[in-house]
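Here are some notes to read alongside the structure, written as numbered points. Please keep the sequence at hand and look up each residue as it comes up.

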Amino acid sequence: MTQDEVLGIYKRTGALLTGHFLLSSGLHSEQYLQSALVLQLPDIATKLCAGLAGHFKDEKIAAVIAPALGGVFVSHETARALGVRALFAERVNGELTLRRGFMIKPGERVLVVEDVITTGKSTKETIEVVKKAGGVVVAAGSLVDRSGGKAELGVPYKSLVTLNVPTYTPEACPLCKAGSAPVKPGSRGLK
């Protein structure tokens with residue numbers, strides 16, 4: 001899939017939002033990608049994640065993992081395309097961990113995925129979950145990289161779309177200075 005095709009899907013489904021948003025990283029932005037609106041459509045989710053899986057088909061991946069909640073569908077559908085297990089890490093007392101009987105075997109080759117990466121914080125936390133379990137993180141992937149390719153993950157990384165969306169600290173946010181209050185959409189925010 002081309003970058004334009006993926007962005008077209010986000011636009012058609014109303015998942016590319018404009019306004020004033022508080023991201024899970026704590027940064028502010030004028031754009032937000034609400035991947036849940038895309039991933040609620042199984043045929044589209046399967047197609048996007050198969051495109052992402054294509055980047056890693058020769059890597060001998062044994063499992064795919066994502067941080068919950070935003071990455072759960074991405075993990076599942078990417079794992080389906082690769083024919084491997086799908087896992088997710090959950091927050092317990094603010095820290096990502098494996099639960100629900102999920103296990104990673106020592107030396108198991110794991111792909112870490114996410115719907116959207118801005119700073120890569122959740123992805124890096126998920127990479128640490130895999131390492132603590134004894135797994136080997138082969139690579140990371142996302143549907144959208146909104147860091148403009150600047151997110152440092154410490155492993156090879158691929159995305160379907162790379163955007164350079166400006167983000168601001170709350171103190172430097174021009175939208176806040178203009179009197180606007182940010183909304184916090186997504187899995188850690190408002191409905």
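1. I would begin with the aromatic side chains, keeping in mind that this is a predicted model. When the whole structure is searched for aromatic pairs, 2 of them are found.

2. One of these pairs is made by F21 and Y32, whose ring centres are 5.6 Å apart and whose planes make an angle of 40°, so that the pair is classed as tilted, the term for angles that are neither under 30 degrees nor over 60. Because F21 belongs to strand 1 (residues 16-22) and Y32 to strand 2 (residues 28-33), the pair ties together parts that are 11 residues apart in sequence.

3. Are the two residues of this tilted pair buried or exposed? F21 has a relative accessibility of 6% and counts as buried, and Y32, with a relative accessible area of 13%, is buried as well; the cut-off behind both statements is that buried means under 20%.

4. The pair formed by F88 and F102 is edge-to-face, with 5.1 Å from centre to centre and 80° between the planes. F88 lies in strand 4 (residues 85-92), while F102 sits in the loop between strand 5 (95-97) and strand 6 (109-117), and therefore this pair ties together parts that are 14 residues apart in sequence.

5. The surroundings of F88 and F102 deserve a careful reading, since the cut-off of 20% falls between their values. F88 is buried, with a relative accessible area of 18%, whereas F102, at 23%, is partly exposed.

6. Turning to the protein as a whole, a student can count 6 helices and 9 strands. The radius of gyration is 16 Å, close to the 16 Å that the globule rule gives for 191 residues, so the protein is as compact as a globular protein of that length. Along the principal axes, the C-alpha atoms fill a box of roughly 50 × 35 × 30 Å.

7. How much of the protein counts as buried? The share is 43% of the 191 residues, and the accessible surface comes to about 9500 Å², with 53% of that surface belonging to carbon and sulfur atoms.

8. Two further values complete the note. Among contacts between residues at least 6 apart in sequence, 61% join residues at least 24 apart. As for charge, the protein has 23 positive and 17 negative charges, and the mean positions of these two groups are 3 Å apart.

Notes:
Residues are numbered from 1 along each chain as its sequence is written. This is a predicted model: local features need pLDDT of at least 70, side-chain atom pairs count only at pLDDT 80 or more; totals for chains, interfaces and linings use all residues. Side-chain values use heavy atoms; hydrogens and water are left out. Helices (H or I, at least four residues) and strands (E, at least two) are DSSP runs, numbered from the N terminus. The radius of gyration is taken over C-alpha atoms; the globule rule is 2.2 Å times the number of residues to the power 0.38. Buried means under 20% relative accessible area, exposed over 50%, partly exposed in between (1.4 Å probe, protein chains only). Contact means heavy atoms within 4.5 Å. Accessible areas come from the Shrake-Rupley method with a 1.4 Å probe; for residues, only the protein chains shown count as cover. Lys and Arg count as positive and Asp and Glu as negative; His and the chain ends are not counted. The place of a charge is taken as NZ of Lys, CZ of Arg, CG of Asp or CD of Glu. Rings of Phe, Tyr and Trp (its six-membered ring) pair if their centres lie within 6.5 Å; planes under 30 degrees apart count as stacked, over 60 as edge-to-face and the rest as tilted.
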